[in-house]
Amino acid sequence: MDCIFCKIARKEIPKKFDYEDEYIMAFADINPVRPVHILLVPKKHYEDLYNLDDQNVLFSMHKGVRKIVDDKKLIGQGFRIITNGGGAQLVNHLHFHLMGPVDSQEKI
Ligand code: AMP
Ligand code: ZN
């Protein structure tokens with residue numbers, strides 16, 4: 001598929017992964033809005049969270065989030081996860097934005 005994240009999954013675009021398993025990969029956003037801004041992305045193409053039909057992906061997303069939060073030492077500094085869907089997304093391939101640090105006083 002002619003999709004930027006599918007090309008990364010197929011290794012047609014080289015990318016350093018912060019986390020990888022059978023179902024997902026995680027890599028730095030090219031346009032970070034926080035010091036830590038990692039995208040967690042299924043290797044298989046789903047348009048958004050609404051169209052996801054594999055629970056294994058969610059389990060892997062949770063594992064990936066925990067690994068990155070530990071690696072980036074975000075416990076105590078705060079983190080936030082966002083996923084755009086239903087047409088709000090720019091890249092039509094499901095991804096979670098994991099961002100930090102985030103202060104508890106900051107509102108979305
Ligand atoms: P969204 O609006 O949720 O679809 O956001 C897409 C995100 O993907 C943006 O934050 C972009 O900066 C990011 N992005 C697009 N292309 C790449 C790429 N090749 N590598 C890393 N991040 C990317
Ligand atoms: Zn894709």
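This passage describes the zinc site, the residue His93 and the surroundings of ligand 1. The model is predicted.

The zinc ion (ligand 2) is held by four protein donors: Cys3 (SG), Cys6 (SG), His45 (ND1) and His93 (ND1). These atoms lie 2.0 to 2.3 Å from the metal. The angles among the 4 donor atoms run from 103 to 118°. Angles between 85 and 135 degrees count as tetrahedral for four donors, and the site of the zinc ion (ligand 2) is tetrahedral. For reference, the ideal angle for four tetrahedral donors is 109.5 degrees. Along the chain, the donors follow the spacing C-x2-C-x38-H-x47-H.

Burial was computed for three of these donor residues. Cys3 has 9% relative accessibility and therefore counts as buried, the limit being under 20%. Cys6 is buried too, because its relative accessibility is 6%. His93 shows 0% relative accessibility, so His93 is also buried. The structure contains 0 disulfides. Cys3 and Cys6 instead appear as SG donors to the zinc ion (ligand 2).

His93 lies in a loop. That loop runs between strand 4 (80-82) and strand 5 (96-100). The side chain of His93 reaches the backbone oxygen of Lys44 at 3.4 Å. Lys44 is also among the contacts of His93 outside its neighbours within four places in sequence. Those contacts further include Val41, Pro42, Lys43, Tyr46 and Glu47. Phe5 is another contact of His93. The other three zinc donor residues, Cys3, Cys6 and His45, are likewise in contact with His93.

Ligand 1 is surrounded by 16 residues. Asp29, Leu90, Val91, His95 and His97 come nearest. Three polar contacts of ligand 1 can be described at the atom level. A backbone N or O atom of Leu90 is 2.7 Å from an oxygen atom of the ligand. Leu90 is thus one of the nearest residues and a partner through its backbone. The side chain of Asn84 places an N or O atom 2.9 Å from an oxygen atom of ligand 1. In the side chain of Lys15, an N or O atom lies 2.9 Å from a nitrogen atom of ligand 1.

Technical notes:
Residues are numbered from 1 along each chain as its sequence is written. Chains are lettered from A and ligands numbered from 1 in the order in which they are written. This is a predicted model: local features need pLDDT of at least 70, side-chain atom pairs count only at pLDDT 80 or more; totals for chains, interfaces and linings use all residues. Side-chain values use heavy atoms; hydrogens and water are left out. Helices (H or I, at least four residues) and strands (E, at least two) are DSSP runs, numbered from the N terminus. Buried means under 20% relative accessible area, exposed over 50%, partly exposed in between (1.4 Å probe, protein chains only). A polar contact is a pair of N or O atoms within 3.5 Å; within protein, one must be able to donate a hydrogen and the other to accept it, and residues adjacent in sequence count only if both atoms are side-chain atoms. Contact means heavy atoms within 4.5 Å. Donors are N, O and S atoms within 2.8 Å of the metal (3.2 Å for Na, K and Ca); water is not among the atoms, so sites may look incomplete. Four donors count as tetrahedral if all angles lie between 85 and 135 degrees; four count as square planar and six as octahedral if opposite donors are over 155 degrees apart and all others between 65 and 115; anything else is irregular. A disulfide is a pair of cysteine sulfur atoms within 2.5 Å. A residue is near a molecule or strand if one of its heavy atoms lies within 4 Å of it.
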